[in-house]
Every structure is written in structure tokens, then in C-alpha cells.
Amino acid sequence: MMLRKTVAQVQRDTQTSELKRSLGPWNLVFLGIGCIIGAGIFVRTGNAAAMHAGPAVLLSFVIAGIVCAFAGLSYAELSSTLPVSGSAYTYSYTTLGEFAAWVMGSLLLLEYGLAASVVAVGWSGYMVSLLADMGIHVPAALTGPMGYPKELADGSTVTTVFNLPAFLVCTALALLLVLGVSESAKVNNIIVAIKVSVLTAFVVVGGIIILQNWATFAPNWDPFIPPPTGQQGEFGWSGIIRGASIVFFAYIGFEAVSTAAQEAKDPGKDMPFGVIGSLVACTIIYILVSIVLTLIVPYTDLNVPDPVAVAVDAFGPQWAWFASTIKVGAIIGLTSVILVLMYGQTRIFYTMARDGLLPKVFARVHQRFRTPWINTLVVGLAVAIAAGFFDINFLGDATSVGTLAAFAIVSLTVIWLRQTHPDIPRGFKVPLYPVLPALGILSCVWLISSVPARVLIFFAWYVLGGIVLYFLYGMRNSELAKGRDVMPDDETPYFPEDAPRDVTGEPIIRP
């Protein structure tokens with residue numbers, strides 16, 4: 001359970017890396033913004049405002065951003081110390097050991113796999129809205145999770161049975177990933193530009209409309225913090241905290257900055273600037289978007305998968321062309337996010353299968369396409385089923401809980417590594433150690449505690465099932481436990497002290 005991959009070898013690989021150190025601090029900030037902006041702001045903001053925080057959802061963004069900053073600093077230290085593929089899974093395997101890596105892999109399934117389902121549901125909302133603008137109406141029963149009532153424009157109600165658009169987009173993107181579709185830097189930059197431009201245009205046009213008609217829209221902020229209903233997490237300050245656990249989803253992706261440490265010009269200075277700079281920039285963007293959202297539309301009307309689409313529709317019929325443009329931009333951006341999240345999940349499974357913790361079939365590569373095709377099809381089907389049948393709020397909460405737990409483990413990893421390997425070179429150190437890593441752990445646990453009991457029960461059973469699966473399969477089939485070298489991406493799997501030894505106690509030297 002405590003077998004670990006090698007810290008020293010990872011650092012030697014870094015020193016001999018052929019990757020060009022060409023990324024400056026602002027390059028990293030833009031990389032972070034591109035990864036962060038996605039489904040959270042386009043999808044989850046409306047639910048947080050409508051059911052929990054009201055217009056004060058902008059305070060929820062501030063709280064969630066601060067929690068992410070604590071975890072971000074820990075990511076920055078680990079990425080400058082262990083700039084290696086696999087991100088949090090490999091960090092855990094290299095420091096806390098195999099069992100912790102297994103748990104982290106399970107949590108990343110929630111972060112990437114379920115997050116892709118949440119994004120797909122949001123994608124479906126924007127696509128259905130855009131098709132309606134074009135006169136194409138998808139049957140309402142095929143646009144939501146199984147067994148949920150949905151109110152129609154005429155006031156009648158229909159019970160949804162399946163979210164067909166969400167299922168189809170997941171299936172299509174899984175097939176594309178099997179074929180080896182990847183985003184080039186140029187295409188990715190274009191998509192990032194579209195996402196940022198869409199939100200900027202929304203804020204600017206919406207802000208102008210609000211200022212010109214302030215007397216009309218100002219009552220939507222009265223009261224700014226709705227009085228609590230008596231139920232925990234419904235408005236008042238407890239609602240703002242609950243909203244923070246929801247909009248936390250909007251910050252998923254910032255850890256991608258940490259994976260660029262090997263290509264940063266000066267990791268010690270550039271990594272913290274990139275992580276914190278992208279978080280600050282996105283927090284400002286999110287606050288501005290939430291201001292326009294909650295002023296243009298009463299917060300009670302925002303409990304939908306496509307809140308930005310609802311808001312731009314409220315601009316008025318003269319802005320119909322603009323509303324369609326915003327929806328197209330959102331659809332393009334969300335499509336990219338689904339693709340990247342599903343790609344990330346398949347590669348985590350691939351790495352775990354290479355390590356022996358999952359069946360080898362997940363690491364089987366297609367001879368022609370050179371992709372882990374069975375793995376990709378399994379992930380795609382699972383994501384599609386979750387998106388088609390489950391409620392976006394449940395999916396989003398489960399994703400946030402898994403991500404928060406993963407961030408807490410990353411913060412713990414920093415503390416562990418400082419204690420066990422205090423002398424290894426670090427390009428960046430978390431300031432005010434150990435206070436900030438400890439605050440990272442406590443703040444993540446604090447937000448997890450605000451999530452509904454049904455989600456926490458699901459999470460507990462999920463983790464328990466994962467642990468049982470580790471003892472039944474993972475521990476018995478681990479390549480490390482068998483004394484075999486696992487060398488994806490030229491990584492050697494052991495600490496010197498963890499290397500297999502012969503009967504005399506001497507390390508076994510392999511050719």
C-alpha cells in the first residue's frame with residue numbers, strides 16, 4: 001500500500017528533459033484562463049443563484065476562488081518539485097504511496113468523468129435553446145434527466161425521460177477520441193478566444209442595457225442576500241457558502257497550469273504567478289458575469305442548464321442575433337471542454353492500467369489509431385449514460401466533492417513531502433508553510449460539508465467501493481507489488497528505499 005514511485009528519478013528526468021522552456025508568466029496565465037473558463041460559468045452559476053445564494057452568488061465566487069488559491073499554491077510547489085505527467089495521481093503515487101494514488105485516481109474519475117457529464121447537460125441546454133431559435137424543437141421529454149418535471153412555455157408540465165442531445169454529444173466525442181482527434185495549440189487558442197469573447201460581449205452589452213434601464217433591473221437585487229428560508233444552505237450566509245461549493249465547479253481546470261512546469265522559463269516565479277493570476281482573472285470575469293445575470297433576470301428564474309442563454313434572451317427581441325451568437329460561442333466552448341475532460345479521464349485510466357491498478361484492457365492501444373480505444377469507449381459510454389439520465393445538480397455536486405477531496409490530498413502531499421524529503425530542490429515553496437496548506441485542507445473539507453447529505457452518502461459509498469476494489473484487484477495486480485518496473489514516459493517507479501531487494505538486502509539491479 002505504501003509503495004511509491006521515485007522523486008529523485010523524476011527530478012533527473014526533468015534536468016535532462018528535451019522540452020523547451022518557452023512559457024513566461026503571462027503565457028501561463030492565459031493557459032489557466034483557457035482551462036478554467038467553461039461549464040462552471042455557463043452552466044452551474046444559475047443553479048447556485050436560484051436555489052442558494054441569490055444575487056450574492058458573486059460572493060460565492062470570491063470564496064471558491066480563495067479556496068482554489070490555497071490548493072493552487074500547493075499545486076505550484078508540487079509541479080515545480082515533481083514536474084511529471086499524471087498530475088495529482090502521480091503526485092500521490094510518488095509521495096503518499098499506491099493506496100493514496102488509487103484513491104486519487106477514484107477522485108479524478110469524479111473530477112473528469114462526471115464533470116464531462118455536467119458539461120454535456122449544459123451543452124444540451126444551449127443547443128436546444130439555439131435550435132428553438134431556428135424553429136427546430138426537440139421534444140421536451142428528451143431534454144432532461146429521467147423522472148423530472150419540466151415546465152413548458154404554455155404553462156403545462158411534462159416529465160422528462162432522457163437527455164438525448166447530451167447523450168449524443170458524449171457518444172460522438174468518444175468516437176472522435178478513438179480516431180485520435182486532438183486539439184492543436186492553434187485550434188485551442190481559437191476556442192479560448194471564443195469563450196472569453198462571448199463572456200466579454202455578454203458583460204459589455206448586458207452592462208449597457210442595465211445602465212440604460214437601471215430602474216427596471218435594480219429590483220432584481222432587492223434583497224442582495226435573500227433571507228434564509230430556515231433550511232440549511234438556502235439563502236442567507238449559509239446559502240452563500242453552499243453556492244461556493246456549487247460554483248467551485250467553475251474553477252475546475254486551473255491545475256492544468258501545474259502541468260506546464262517543465263516548460264516554464266522560471267518555474268519558481270512563473271508557476272505561482274500563472275496559477276494565482278489565472279484564478280484572479282477568472283474570478284473577476286465570473287463576478288462580472290454573475291452581476292449581469294442576476295440583474296437582467298430574477299435569480300429565481302436561473303435554475304436552468306443554460307443561464308447565460310436565458311439572460312441574453314431577456315435582452316429583448318432586437319438582440320435576437322446577439323443571443324444566437326452567444327449560444328453558438330457557448331456551444332463551441334463547451335464542446336471543447338467535454339472533449340478535453342473525456343480525454344483526461346481516458347489517460348488517467350490508461351496510466352492506472354499501465355501501473356496494474358486497473359485491468360490491462362484499459363491500456364490496450366488500437367493498432368491503427370494508436371489510442372486506448374476500449375478505454376475511450378467505456379469512458380464515453382459511462383459519461384453519456386450519466387449525462388442522459390441524471391440530474392445536473394447531483395452530477396455537479398458529486399464532481400465538486402470529488403475535486404475538493406482531491407485538492408485536500410494535494411495540500412496534504414505538500415506537507416508530507418516537506419517532512420520526508422526536506423532537502424530536495426523546489427522551484428517554488430508555498431508561503432507561510434504549513435499554515436496555507438493546512439488552510440487548503442480545512443477549506444476544502446469546509447465546502448464539502450455544505451453539500452447535501454444525499455451527495456455525501458453517495459460519495460462515501462463510492463469511496464468505500466473504490467477501496468474494496470483496490471484490495472480485491474488493484475493491490476493484487478500492482479506492477480510495483482510484483483517488483484516490476486513501470487516506465488511510462490521514461491519514469492522509473494521506485495524511491496531508492498522502495499526498490500526490490502534480494503535475500504541479502506541489496507537492491508536488485510535490472511538491465
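**Close-up views**

**View 1. Leu432 sits in the loop between helix 15 and helix 16.** Helices (H or I, at least four residues) and strands (E, at least two) are DSSP runs, numbered from the N terminus. This is a predicted model, where local features need pLDDT of at least 70 and side-chain atom pairs count only at pLDDT 80 or more, while totals for chains, interfaces and linings use all residues. Residues are numbered from 1 along each chain as its sequence is written, and side-chain values use heavy atoms, with hydrogens and water left out. Leu432 has a phi near 55 degrees, a positive value in a residue other than glycine. Leu432 counts as exposed, at 61% relative accessibility; the cut-offs are under 20% relative accessible area for buried and over 50% for exposed, with partly exposed in between (1.4 Å probe, protein chains only). Pro434 is found in the loop between helix 15 and helix 16, and the peptide bond leading into it from Tyr433 is cis, with omega near 0 degrees. As background, most residues other than glycine have a negative phi, and most peptide bonds are trans.

**View 2. Here we look at Phe235 and Pro223, in the loop between helix 9 and helix 10.** Phe235 shows a positive phi, near 70 degrees, in a residue other than glycine. Phe235 is buried, because its relative accessible area comes to 11%. Over at Pro223, the peptide bond from Asp222 is cis, with omega near 5 degrees.

**View 3. Asn393 meets Arg44, 349 residues away along the chain.** Asn393 belongs to helix 15 (residues 392-420), and it is buried, with 15% relative accessible area. The C-alpha atoms of Asn393 and Arg44 are 8.0 Å apart. Their side chains make a polar contact at 3.4 Å, that is, a pair of N or O atoms within 3.5 Å; within protein, one must be able to donate a hydrogen and the other to accept it, and residues adjacent in sequence count only if both atoms are side-chain atoms. Leaving out residues up to four places away in sequence, Asn393 touches Arg44, Asn47, Met51 and Asn303.

**View 4. Phe254 is one of the residues with the most contacts inside the largest nonpolar core.** Such a core is a set of buried Ala, Val, Leu, Ile, Met, Phe, Trp, Tyr and Cys residues joined through side-chain atoms within 4.5 Å. This one has 149 residues, and helix 6 (residues 98-133) supplies the largest share, 21 residues. Beyond neighbours within four places in sequence, the contacts (heavy atoms within 4.5 Å) of Phe254 include Ile36, Cys68, Tyr75 and Phe407.

**View 5. Cys68 and Cys444 are not bonded to each other.** The structure holds 0 disulfides, a disulfide being a pair of cysteine sulfur atoms within 2.5 Å. The closest cysteine sulfur to that of Cys68 is in Cys444, and at 7.7 Å it's too far for a bond. Cys68 is buried at 0% relative accessibility, and Cys444 is buried too, at 0%.

**View 6. Confidence along the chain is given as pLDDT, the predictor's confidence in each residue, from 0 to 100.** The chain has a mean pLDDT of 81, with 84% of its residues at 70 or more. Helix 1 (residues 7-15) is lowest, with a mean of 52, and helix 16 (residues 435-448) is highest, at 92. Residues 486-500 fall below 50, though this stretch has 53 contacts in the model beyond near neighbours in sequence. Where pLDDT is low, the predicted coordinates should not be read in detail.
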